[in-house]
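Ready for some practice in reading a protein model? Take a look at the sequence and the structure, then try each exercise before you read its solution.

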Amino acid sequence: MHSRIAGTGRYLPARVVTNDEIAQRVATSDEWIRTRTGIAQRHIAAEGEQTSDLALAAAREALAAASIAPADVDLIIVATTTPDMIFPSTSCLLQAKLGARGGPAFDVQAVCSGFVYALAVADKMVASGAVRNALVVGAEIYSRILDWSDRGTCVLFGDGAGAVVLVPSPDPGILSTHLHADGHYSGILCVPGQVRNGSVAGTPFVHMDGQGVFKFAVRVLAEVANEALSANRMTATDIDWLIPHQANLRIMDATAKKLGLPAERVVSTVDAHANTSAASIPLALDVAVRDGRIRSGQHLMLLAVGGGFTWGSVLLRW
Ligand code: UT7
């Protein structure tokens, strides 16, 4: 048995913040942000919105597309770095909001690789028959862990959620998953703050060595893509759509170039969404599914890299 994606969905908060608006607060410019990152705008959650609310809206769309009633969801995995609370998990909160109960629900914390990690775990559980179906969501509210006076980080991120529903299938579906981590690089991208004795010890904001992240990301994205291709005896020409983590257009372009893939075969939403961490891949996937670019029988390569460091791939046939 295998698993396949039966539906996708997305949700973006209503408020759009342009580069020009950020340039009114910190010393930056629309031109600098666009040329260095490809980002033009980002969505920012409203004060009262929680990560589970974003996840709920994306999940409802994905479940409707898969023709599965919310109460019939079995496994729920939410990939997030910005949970509603320390515990319970955002997955349990989402399960209650969906009106489902009884199936397993847990969060995956692999930062920007979280969705690929969660999809890999869900694939194994659906394909083995351990669960009837799985809802996999990437949902983030990074705007709350950004130092809005730090121009090196605040221009890069946005809020949003993307979701997929996995069902069992006699044919793949998901062809392979490859996951990696190297904790020795934890210092170049982190939020080092810790809740302790009633307050936050250390900084609760994103800390990043931009160039260190850039170099690491381009190297491991190409490596893990080639690992997936050789495991499936495929070459880059077999890939119809590359859907990389939407961190930065230059990272995405450099990865496609290393793989020998033309830019037209890369799904890019970073201009409109910015970097939404674990939500970025399912958001981009849903955009390309709903606008008709992704068609039955095509091969998709999902590629992720994020804090930890973590990285991984999911290769699938649509
Ligand atoms: O999920 C992974 C998340 N992280 C990433 O994707 C980040 C990966 N890294 C990058 O995308 C790039 O390193 C950045 C976009 C963050 C920075 O681009 P860069 O070409 O590596 O710039 P830099 O860090 O070398 O900085 C060049 C200059 C510096 O000024 P000086 O020292 O040359 O005077 C920075 O202070 O640009 C300055 N700078 C800015 N200027 C205007 C840094 N941020 C900004 C800004 N606006 N927002």
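Three exercises with worked solutions follow.

This is a predicted model, in which local features need pLDDT of at least 70 and side-chain atom pairs count only at pLDDT 80 or more, while totals for chains, interfaces and linings use all residues. Residues are numbered from 1 along each chain as its sequence is written, and side-chain values use heavy atoms, with hydrogens and water left out.

**Exercise 1. Describe the surroundings of the ligand.**

Step 1: Find the shell. A residue belongs to it if one of its heavy atoms lies within 4 Å of the ligand. There are 20 such residues, and Thr28, Arg36, Arg151, Gln211 and Asn248 are the closest.

Step 2: Look for polar contacts (pairs of N or O atoms within 3.5 Å; within protein, one must be able to donate a hydrogen and the other to accept it, and residues adjacent in sequence count only if both atoms are side-chain atoms). Arg36 has a polar side-chain atom 2.7 Å from a ligand oxygen. The side chain of Asn275 has an N or O atom 3.0 Å from an oxygen atom of the ligand. For Gly210, a backbone N or O atom lies 2.9 Å from a ligand nitrogen.

Step 3: Place the ligand. Domain 1 (2–170) and domain 2 (175–317), with bounds from an automatic or database domain assignment, both give residues to the shell, so the ligand lies between them.

**Exercise 2. Work out which way the residues of α8 (249–259) point.**

Step 1: Know the terms. Helices are DSSP runs (H or I, at least four residues) and strands are too (E, at least two), numbered from the N terminus. Buried means under 20% relative accessible area, exposed over 50%, and partly exposed in between (1.4 Å probe, protein chains only).

Step 2: List the buried residues. In α8 these are Ile251, Met252, Thr255, Ala256 and Leu259. Seen down the helix axis, they fall within an arc of 130° (taken from the directions from the axis to the C-beta atoms), so they line one face of α8.

Step 3: Turn to the other side. The face away from the buried side carries exposed Lys257 and Lys258.

Step 4: Recall the rule. An α-helix has 3.6 residues a turn, so residues three or four places apart point the same way.

**Exercise 3. Find unusual backbone angles.**

Step 1: Start from what is common. Most residues other than glycine have a negative phi, and most peptide bonds are trans.

Step 2: Check phi. Ser67, not a glycine, has a positive phi of about 55°. Arg233 has a positive phi of about 50°.

Step 3: Check omega. Phe87 and Pro88 are joined by a cis peptide bond, with omega about 0°.
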